[in-house]
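Got the viewer open? Keep the selection box handy and follow along stop by stop.

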Amino acid sequence: MNGKLILEDGSIFTGKLLNHSKATGEVVFNTGMTGYQEILTDPSYCRQIVTLTYPLVGNYGIAELFMQSRKSFVNGFIIGELCDEGSNWHYEMSLADFLTKQGIPCLYDVDTRAVTRKIRSAGTMKGIIVSEDAAQTEIDELLAVPIKKEVVAEVTTPSVYEIAAEKEDAPHVVAMDFGVKQNILDSLHRLGCRLTVVPCHTKAEELLAMQPDGIFLSNGPGDPKDLPEITGEIKKLIGKKPMFGICLGHQLFARAMGADTYKLKFGHRGSNQPVKNLKNGRVHISSQNHGYAVDEASLRGLPLEVTHISVNDGTVEGIRHTELPIYSVQYHPEASPGPDDNLYLFDEFLTMMKEG
Amino acid sequence: MPKKEHLNKVMVIGSGPIIIGQAAEFDYAGSQACRALKEEGLEVVLVNSNPATIMTDANIADRVYIEPLTVEFLEEIISKERPDGLLATLGGQAGLNLAVQLAEKGVLEKYRVELLGTPLKAIEQAEDRELFKETMQKLGEPIPESTIVEDVASAVEFANEIGYPIIVRPAYTMGGTGGGIADNEEELIEIVIKGLKYSMIGQVLIERSVAGWKEIEYEVMRDSADNCITVCNMENFDPVGVHTGDSIVVAPSQTLTDHEYQMLRSASLRIIRELGIEGGCNAQYALDPDSNRYYVIEVNPRVSRSSALASKATGYPIAKVSAKIAAGYTLDEITNAVTQKTKACFEPALDYCVVKFPRWPFDKFVYADKTLGTQMKATGEVMSIDRNFEGAILKAVRSLEIGVHRLQMEKMAAWDDARVKKHLGRVNDERIFAIAEALRRGIADVDEIHEITKIDKWFLYKLKHITDIENRIREEEITPKLMLAAKNVGLADRSIAELSGRTMDEIRTMRKTMGILPCYKMVDTCAAEFEAATPYYYSTFHAQEDEVEVSGARKVMVLGSGPIRIGQGVEFDYCSVHSVWALREMGIEAIIVNNNPETVSTDFDISDRLYFEPLTTEDVLNIIDKEKPEGVIVQFGGQTAINLAASLQQAGVKVFGTSVNDIDRAEDRERFDEVLTQTKIPRPTGISVTNLEDAITGAGKIGYPVMVRPSYVLGGRAMEIVYNEKELRDYMSRAVKVTPDHPVLVDRYMQGTEVEVDGISDGVDVVIPGIMEHVERAGVHSGDSIAVYPPQTLSSKIIYTIIDYTKRLALALHVKGLLNIQYVVSDGEVYVIEVNPRSSRTVPFLSKVTNVQMVNVATRVALGSTLKELGYHSGMVTPKPYVAVKAPVFSFAKMQDVDISLGPEMKSTGEVMGIDYHYARALYKAITGAGMNVPTKGCILFTVADKDKEEMKQLAKAFDDLGFKLVATAGTAKAIQSIGIDADVVGKVHERSSDIIQMIKTGKIHMVINTLTQGSHSPKGTGGVSPRAVARDGFKIRRATVEHGIACLTSLDTAWEVLRVLSFMRERRLVYSLALQDYVGGGDDLA
């Protein structure tokens, strides 16, 4: 059946509705040409309506192997062509079946370039997915649904779990799960780490009681400003152990240090984002997914230095404590989807832990 | 890192003539690089032998040398210009090989020239198979089990170890020359022998075949700070086994998971880092469709055909960025030309699907082996863009100009099911059409076709979407819904018309009434993430928003020339670009429509607006509907554009320049005869016949030999010279279908001197920038002849007559712009052969050597300026004091069963120019540049037809005087001996001991002079050679010369000119160079 995406500014984009379903959410776009499954299952997109700029989606189907979390947390999916004849040796089910199974509203056959152009010029905004014949009252109701804040609680692990390492003397990393992507855990594990993944509301004392060699602050959805309690706990952890943060974890670390964060016009979401390492001048291509950024001006006077910036817009992409073994990046060195140019950041964490 | 301070002057090497495997993409890359370097304030010295290119224009580089691309000439130029750096990575394999030779010979060291871009070591690591293997092994990158052999026995031994099939690749060649896949020992031996010959270093690689795997390519960039990015990846529709240049390619990859995409991307980055390349690099992989296993197949440490494609597919200008990197910049310092805001250090994101489709010369070489394998055969390619694969592939198909507008070949429609199915297994240019035919009929499903072809099912499902819609259109009423579905899978109005039994106009009207119109989208490198400044557009029916804003400025559309093919090469792209530049100079917005990714015209910063679209009536009209230009210029886009003139005019579009009616008066035989009668200009006697009897009677009256051809032909297709009634009967029954609607023309064949003229007329005055005289007498296609400017043998009376005739014809045809006329001069009389009321192949050549900006002037005239206003007066421009020679270049080495003998059918793929104050040296430069190895001593084989024996005697005497040893076949030897000159008799082919082929193979013969015996004068059929002809000795001898790189002259005219060069060589030095600027500026001393 036919459906449409209505943005809060009144613009309408038509398409076909996969299941008779509706959705409200913040509409964001990702420019990656591959990795739709990784994007769909990245918890950082929780409650958002995600549109993909690449128009052919579903080409290689869905496989368990590429899941980045236990399920997809997106509120809606807006794409061009929905391919139901996927072809790849990894293929386990079609994208359409996956979306249906996960109960994700999907509007396809959409001019996603038009959607993207709208958002890049007007900024990220609320939108709804409805069927073509939806009544105005229904539309108004959906548009009135507020964007839920503090969604970290929805995506975090409900309980502590461990991932054992092969070696006995493996460094022990406690990862605070704000919506962690599977490949972050896998990347640390591949480097030989023993992992304990803890829920987002874990207290600093509890965490330290686990005797970590290092603390990892994960990625996750939403505005870091909405998480004062978690920020408070992180503050307590600073100086106790080597620490590494990614994405939301990076923003929370900055806030815990007293820096500020702000919302970007339309964020950075894609697999082609250039990041410059200010230490050596080298540029690496990174996978990114963030709608907020650390305010560079707010770092002044703090024991923090900017280590990485975005080549595209100069925004802060990485910071480091000038005295303590703590650093964080705004982008995703674990890739999945995206390039693995930045795996070196995990190595640095390992070195840091070894040096204590 | 900022610009390298010590660099002031940089030398750029071009790729030379267009040949299969090395086409217009290097004009695009080279021009872009030269402009990028000039932007940095560097003085640019360019060397390229190809006059048909934009890059050899005097305004592209500070010093342009149109000289042979040999080490000798390059050293001469280096010693003269003393450049600080050499950029060779933009000149294709030719440029790279020369850089290696210059370094090895110590020239770079001697003159302290820094090799920019790719280090010498990297060239060797990528090109030398053993070093490549070592490098990959060191990196841990898998390559197929392989070994390097220098003899056949080792090849067989290795094959027995790892098993067949085995791939053979010669080292240091381009386009896979001499390679192939062997399924058994016999085939292996044959291919290895050939490969060893082609390799510059006598090595071939033999390796495990991974045929059937996915073929994936990555375009990677690296700068001096070790920053690396991938510009684009591409997936071949055709699995491994077909040369990537002969494959249908999509960008980005479609069937790779993110994991697979990143796995190969990371491998590419590791490779470019290891090689230490500063600039662009291309890496090709075979990916197992059933696991994560992959092999690195090939690495090109330079800008390539694929990088031109990637640049056009993404909007990322690889050549420009490579040049900036060579000058010292890092990627994050270079601005992204598309967004003007972001930097070149990012990876483009596409939000559309790109398809590249090769254009093969099988329409010219109909008897050539059409099988596709590791040796590239395509002369050119088209690219298309749409929001889905179906739309893109159909756009590509209708851009090819091979007489199809969808995935259906007329001849296949008549085949029975079994035959269609059989063709699924044949890997040739028609395979995709056979697949579509099978899907259309439902005689094979996707699974079965996949089993046979190994083409990924994803692609096959897409083709099925198209044929399913086709079948629905055939059966159902065309509702708006079905119409939209048809347009969404990319079917042209013409196709829908054909399927539904309506006319194209009806469908167009119906579609527009339904409100189904294309939307135009922008190619912006970033999937709309950032605002872009680039006016680079494509159409799609799969969209809601048309984002292209139309300006209110005065604007004119220029139609491009489509894919490079024999008969329509890069020359026409040169003309299109100059027309665009002229319009922009005039303050008019220039819109260009073209579909060739290799060209300068489709560089997004050439025109004000670039529409990357098929050149068909529908596609062009859709753009016109949107842009509403004042009119269209068709005279610069070759026959492609001219062919659209009538239908565009019919749709109410203004065609600037010579009117459609006058174009028809020049092209239609009968109407042209009226023009000649009216202007009182003679042409060779001829008649138009509609049956065999009339042909025989007519030919008898005219007198043999006669030239025969169908009435509507271009580029000499199906044209032959017949010497007697038997041959005429044969031709009439075989080569043409003669009907009252399709008459055959029988003309007197005049063995005179052929002369070619390009002129510009405004309807009042006629300016003739120059006249060219052909070395080969009439009968050899003008595109295959050596042309000399100014004429060397014509009397002033003849020249006066030619000027007079040209004026009369231009005025009679009301030409507004360019025209090209071919004359034959016989017994002091001038006859007209044909008139083309458009730009011609010789326009770039003539523009360069006469310094008359012909296209610029013609564009202005077409738009209403008069020649007088532009400062020109009627008549011929005073000839220059120097001589320029244009010589054809062939790709015979790539087309194994094509006869190299020349005739009325064009066979050359490119051209070179030689220029000098001495005719003989200009000629030497031209033939050397064309790749002919002129021996200064040694043995010449004569084997000529009876009709040529008398003339040959003097030639033999002259060569004998120069000290050459002469050998000849029995009859020819007898003729030579009759004038008292020694000539050893050699046995004919297979007369054992003194077998000619053996002598050629073993290097005992250094040049061959061979003219065709009567009756075999033209290869049977339209180009190519029939099996019968292949069996002939002459054919075998000629092919042997190609395979062993020996000069073979098939015309005594050419032989006389070579002799002239050889005599000249005794007296003066041959290597002497001046820049084009010196010649046209009239400065510098004479040699």
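Here is a walk through the model, one selection at a time.

**Before you click**

This is a predicted model, in which local features need pLDDT of at least 70 and side-chain atom pairs count only at pLDDT 80 or more, while totals for chains, interfaces and linings use all residues. Residues are numbered from 1 along each chain as its sequence is written, and chains are lettered from A and ligands numbered from 1 in the order in which they are written.

The predictor gives the complex an ipTM of 0.98 and a pTM of 0.95. Colour chain B by pLDDT (the predictor's confidence in each residue, from 0 to 100): the average is 92, and 95% of the residues score at least 70. Now pick residues 1015-1027 of chain B, where pLDDT stays under 50 and the model has 47 contacts beyond four places in sequence; a contact means two C-beta atoms, placed from the backbone, within 7 Å. Residues 1083-1087 of chain B are also below 50, with seven contacts beyond near neighbours in sequence. Where pLDDT is low, the predicted coordinates should not be read in detail.

**Stop 1: where A meets B**

Select the contact between the chains: 42 residues come from chain A and 46 residues from chain B. On the chain A side, strand E2 (12-17), helix H3 (112-122), strand E15 (261-277) and strand E16 (283-294) each supply at least two residues. Helices (H or I, at least four residues) and strands (E, at least two) are DSSP runs, numbered from the N terminus. Which element of chain A gives the most to this side? H3(A) does, with five residues.

**Stop 2: the two domains of chain A**

Colour domain 1 (2-144) and domain 2 (152-355) of chain A separately; the bounds come from an automatic or database domain assignment. Their C-alpha centres lie 27 Å apart. Each domain puts 23 residues into the contact between them. On the domain 1 side, strand E3 (23-30), helix H1 (36-40) and H3 of chain A give two or more residues, and E3(A) gives the most, with three residues.

**Stop 3: Thr202(A)**

Zoom to the loop between strand E12 (194-198) and helix H7 (204-209) of chain A, the place of Thr202(A). Is Thr202(A) buried or exposed? Thr202(A) counts as buried because it has 20 C-beta neighbours inside 10 Å; the cut-offs are 20 or more other C-beta atoms within 10 Å for buried, 12 or fewer for exposed, and partly exposed in between. Leaving out residues up to four places away in sequence, Thr202(A) touches Met176(A) and Leu207(A). Draw a distance from Thr202(A) to Ile230(A), 28 residues apart along the chain: their C-alpha atoms are separated by 8.3 Å.

**Stop 4: helix H27 of chain B**

Select residues 725-734 of chain B and show side chains: Glu727(B), Leu728(B), Tyr731(B) and Met732(B) are buried. They sit on the same side of H27(B) because they cover an arc of only 135° around the axis, taking directions from the helix axis to the C-beta atoms. Spin to the other side of H27(B) and you'll find Lys726(B), Ser733(B) and Arg734(B) exposed. Add helix H26 (692-702), strand E25 (706-710), strand E26 (720-722) and strand E27 (744-748) of chain B to see what the buried residues of H27(B) pack against.
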